[in-house]
Amino acid sequence: MARHPQPSHGVESPYAWLRLVVSLALMTIGGVGMYGSAVVLPAMQADFGVVRGDASLPYTMTLMGFGVGGIVMGRVADRFGVMVVTLIGAAGLGVGFVLAGSAASLWYFSLAHGLLIGLLGTSATFAPLVADTSQWFDRRRGIALAICMSGNYLAGVVWPPVMQHFIGTVGWRTTYVGIGVACVVTMVPLAFLLRSRPPVGAVGSVASTAPAPVLRSARFVGHSDPARPLGLHPAMLQFLLCVAGVACCVAMAMPQVHIVAYCTDLGFGAARGAEMLSLMMGAGIVSRLLSGWVSDHIGGLHTLLLGSLLQGVALLMFLPSSGLVPLYLVSGMFGLFQGGIVPSYALVVREYFSPMQAGARVGTVLMATLLGMALGGWMSGAIFDWTGSYRAAFLNGIAWNGLNLAIVGFLIYRARTGRAPVGPRTPTGALPG
């Protein structure tokens, strides 16, 4: 039988904010699955004696498992609650990191990453927590989603320097085993704080039959009929958002996945690269929070366009930057510019699709962004192997970013040409009579 929340556990209640803090912590811990293989890449490549493209395979398999797992775990969360999903994630990360740390070959290591760390582990601490958070907030949904999804970047701040320290002292294999144990010990107690289900009648709740409140950004939403969002068939809009998600994240993956290896190739060492990755993710947290505030005022599509445009500028700045100080500056700039992109997709889904479809559609679009990260991580390594440098890989990322800009621009054009008037908010948050 489904567990219902206490009367004080309503939308935007103190309990809702507590859940947000817990979700942030869980996403930060579980995010190690995304960054682990990137930080360990040089040491793991040397251990297994493989080329850079092959050494990028574990990251690709992690993100592929992460993407598929987001949809699977989302459906499990809809049926059994997010607590169950989080416990599954703790087990997947714990077993996955221990087995990967004892891997005798690259394929064994990659399978542990893809099936356990990605599919069962990290996926449980991303899309399900995002969808759950969206059901506990209405007026402040944009900033709440931004805070929740900052855990993904906070993981990038915390884990790379910690991992690099232990890799240098006890080796990457022992470090992996320690991470697995730490995930289980910390995530299980936190999971039990998420026992309550979304309030009956909450926006986006599976039990809700009430119309969704109008967001503060609603005046920027064009033709928002869920049957014909932006005047398009829902499947077409979903497809375009997924292609845009793949494109922007192929571009995003180049610096995030390969900055440690790039610094190693330039002679600065893996430790400096890990610091740059940490700086990138730290700036991404600031960007994600600012973008959440902005999106509550200008809407998801316009926030997405702004983030994608600035990401393209940062990628261009990497091309002439080969010194240590310029790389630190551009890494921080890149994180500051692109941090709000992925949360914008979740908000766009909530703006243009039916609340009853939000969980599955958010999971699908986030899967596309993860597929883009996976493809971009592998593609950048392969291009490096073909050309002997990362310059062509950066140019490849810029081209994919251009595709994303074109799609988002088209959707904004559709929103403007198909705009339907939206009335003012009533005290209850619904459209007047």
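This passage walks through two bent helices, a set of salt bridges and a surface patch in a predicted model.

Helix α7 is a good place to begin. This helix runs over residues 106–121. A straight helix of 16 residues would span 22 Å at 1.5 Å a residue, yet the end C-alpha atoms of α7 are only 20 Å apart. Where does α7 bend? The bend is at H113, and it amounts to about 30 degrees. H113 is also one of the buried residues of this helix. The others are L106, F109, S110, A112, G114, I117, G118 and G121. Several helices help to cover these buried residues, including α2 (32–39), α3 (41–48) and α4 (52–55). The cover also includes α5 (57–80), α6 (82–101) and α10.

Helix α5 makes a useful companion to α7. With 24 residues, α5 reaches 33 Å from its first C-alpha to its last, which is close to the 34 Å expected at 1.5 Å a residue. Even so, α5 has a kink of about 30 degrees, and the centre of that kink is G69. A second glycine is worth finding in the structure: G81, just after α5, takes a positive phi of about 100 degrees.

Attention now turns to charged side chains. The model has four salt bridges, and three of them are described here, beginning with R140 and E12. The closest N and O atoms of R140 and E12 are 2.6 Å apart. This pair links distant parts of the chain, with the two positions 128 residues apart in numbering. R140 sits in the loop between α8 (127–134) and α9 (141–170), while E12 belongs to the segment before α1 (14–30). Are the two partners buried or exposed to some degree? E12 has a relative accessible area of 14%, so it counts as buried, being under 20%. R140, at 32%, is partly exposed.

Another salt bridge joins the side chains of D47 and R173, with an N to O distance of 3.4 Å. Here too the pair links distant parts of the chain: D47 lies in helix α3 and R173 in helix α10, 126 residues apart. D47 is partly exposed because its relative accessibility is 40%. R173 is likewise partly exposed, with a value of 26%.

The pair R272 and E275 is found within a single helix, α12, which covers residues 270–298. Their closest N and O atoms are 2.6 Å apart. Because R272 and E275 are three residues apart in this helix, about one helical turn separates them. R272 is partly exposed at 29% relative accessible area, and E275 is partly exposed at 34%.

Finally, the surface carries a nonpolar patch. Which residues form this patch? They are V98, V177, V181 and V185, and together they have about 290 Å² of accessible area. Helix α10, which spans residues 172–191, supplies the largest share of the patch, namely three residues. V177 is placed in α10. Its relative accessibility is 33%, so V177 counts as partly exposed. That value also passes the patch cut-off, because patches are made of residues with over 30% relative accessible area and no salt bridge. Helix α10 thus ties several parts of this picture together: it contributes to the patch, it holds R173 of the salt bridge with D47, and it is among the elements that cover the buried residues of α7.

Key:
Residues are numbered from 1 along each chain as its sequence is written. This is a predicted model: local features need pLDDT of at least 70, side-chain atom pairs count only at pLDDT 80 or more; totals for chains, interfaces and linings use all residues. Side-chain values use heavy atoms; hydrogens and water are left out. Patches are made of residues with over 30% relative accessible area and no salt bridge: like charges are joined within 9 Å, nonpolar side chains (Val, Leu, Ile, Met, Phe, Trp, Tyr) within 5 Å. Accessible areas come from the Shrake-Rupley method with a 1.4 Å probe; for residues, only the protein chains shown count as cover. Helices (H or I, at least four residues) and strands (E, at least two) are DSSP runs, numbered from the N terminus. Buried means under 20% relative accessible area, exposed over 50%, partly exposed in between (1.4 Å probe, protein chains only). The expected span of a helix is 1.5 Å times one less than its number of residues. The bend at a residue is the angle between axes fitted to the seven residues ending there and the seven starting there. Contact means heavy atoms within 4.5 Å.
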